[in-house]
Amino acid sequence: MDLHESIQLVHASEMVFGERFYQQLAAKHPEVTPFFAGVNMHRQAIIFTMQLAVVGAYYQRHSPTSQQYLQVLGTQHHRRGIPKEAYAIFRDCLLDELRQFHGDDWSDELEQQWRAAMDEVTHKMWEGYEERFHV
Ligand code: HEM
């Protein structure tokens, strides 16, 4: 299985993957929960689950539109005060949940692809920390 098949399976599932992801993030890392104060977490779970398609698309093609989108998203996170240190926590929690989700279908290669994809997305978002990208 590769990253794109993984995303297809996550999206084909009856459960919203992001629901469990954010629950686990909060349970394992209560220090990040204040950032989500006032956020509708059900909406957030759905948006983030769909966002995995953007992660896959950016990883595959680095299209100009996905680059601009991630820069804007980065500026939005910067304005919300999300520190760069939180991104590794976020990524590792995502990898844990994907590993749980796929069970025996999980592999070292798949983990490497997800890790690389998330790190590339993170670095593109951080450009929105250095410079403000508004739309
Ligand atoms: C590569 C990593 C990340 C991705 C791809 C990502 C993606 C997203 C997306 C798609 C949204 C929804 C934006 C919208 O409503 O238009 C969002 C919102 C949000 N993210 Fe992230 N995020 C990442 C990292 C983080 C981290 C590390 C934190 C904090 C621990 C965080 C906290 C938030 C919060 C609090 C919101 C809600 C913003 C609001 O509703 O105003 N994100 N994120």
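**Exercise 1. Locate Trp 126 and describe its surroundings.**

Which helix holds Trp 126, and is Trp 126 buried, exposed or partly exposed?

*Solution.*
- Step 1: Trp 126 is found in helix 6. Helices here are DSSP runs (H or I, at least four residues), numbered from the N terminus.
- Step 2: A residue is buried if 20 or more other C-beta atoms lie within 10 Å of its own, exposed if 12 or fewer, and partly exposed in between, with C-beta atoms placed from the backbone. Trp 126 has 16 C-beta neighbours inside 10 Å, so Trp 126 counts as partly exposed.
- Step 3: Not counting residues up to four places away in sequence, Trp 126 touches Gly 74 and Lys 84. Contact here puts the two C-beta atoms, placed from the backbone, within 7 Å.
- Step 4: Leu 70 is 56 residues from Trp 126 along the chain, and their C-alpha atoms are separated by 8.7 Å.

Two notes before you go on. The model is predicted: local features need pLDDT of at least 70, side-chain atom pairs count only at pLDDT 80 or more, and totals for chains, interfaces and linings use all residues. Residues are numbered from 1 along each chain as its sequence is written.

**Exercise 2. Check the length of helix 6, then find its buried residues and what covers them.**

*Solution.*
- Step 1: Take 1.5 Å times one less than the number of residues as the expected span. For the 23 residues of helix 6 this gives 33 Å, and because the end C-alpha atoms are 33 Å apart, the two values agree.
- Step 2: The buried residues of helix 6 are Trp 114, Ala 117, Met 118, Val 121, Met 125 and Gly 128.
- Step 3: Their cover includes helix 1, helix 3, helix 4 and helix 5.

**Exercise 3. Work out which helices build the largest nonpolar core.**

*Solution.*
- Step 1: A nonpolar core is a set of buried Ala, Val, Leu, Ile, Met, Phe, Trp, Tyr and Cys residues joined through C-beta atoms within 7 Å.
- Step 2: The largest one has 17 residues, and those with the most contacts inside it are Leu 3, Phe 21, Val 55, Trp 114, Ala 117, Met 118 and Val 121.
- Step 3: At least two residues each come from helix 1 (3-12), helix 2 (17-28), helix 3 (41-61), helix 5 (86-102) and helix 6 (108-130). Helix 6 gives the largest share, five residues.
- Step 4: Zoom in on Ala 117. Apart from residues up to four places away in sequence, Ala 117 touches Leu 3, Val 55, Gly 56 and Tyr 59.

**Exercise 4. Describe how helix 3 meets helix 6.**

At what angle do the axes of helix 3 and helix 6 cross?

*Solution.*
- Step 1: Axes are lines fitted to C-alpha atoms, for helices over the stretch in contact, and angles run from 0 to 180 degrees between N-to-C directions.
- Step 2: The two axes come within 9 Å and cross at roughly 90°. That makes helix 3 roughly perpendicular to helix 6, a label that covers 65 to 115 degrees.
- Step 3: At the meeting point, helix 3 brings Val 55, Gly 56, Tyr 58 and Tyr 59, while helix 6 brings Ala 117, Met 118, Glu 120, Val 121 and Lys 124.

**Exercise 5. Find the buried face of helix 4.**

*Solution.*
- Step 1: Start with the span. The 16 residues of helix 4 (residues 64-79) should cover 22 Å, and the end C-alpha atoms are 23 Å apart, which agrees.
- Step 2: Leu 70, Gln 71, Gly 74 and Thr 75 are buried in helix 4. Seen down the axis, the buried residues fall within an arc of 145°, so they line one face of helix 4. The arc is that of the directions from the helix axis to the C-beta atoms.
- Step 3: The general rule helps here: an α-helix has 3.6 residues a turn, so residues three or four places apart point the same way.
- Step 4: The buried residues of helix 4 pack against helix 3 and helix 6. On the other side of helix 4, Thr 65 and Arg 79 are exposed.
- Step 5: After helix 4 comes Gly 81, with a positive phi near 80°.

**Exercise 6. Compare helix 1 with the pattern you just found.**

*Solution.*
- Step 1: Leu 3, Ser 6 and Ile 7 are buried in helix 1. They cover an arc of only 100° around the axis, which puts them on the same side of helix 1.
- Step 2: Their packing partners are helix 3, helix 5 and helix 6.

Key
Parallel < 35°, antiparallel > 145°, perpendicular 65-115°, else oblique.
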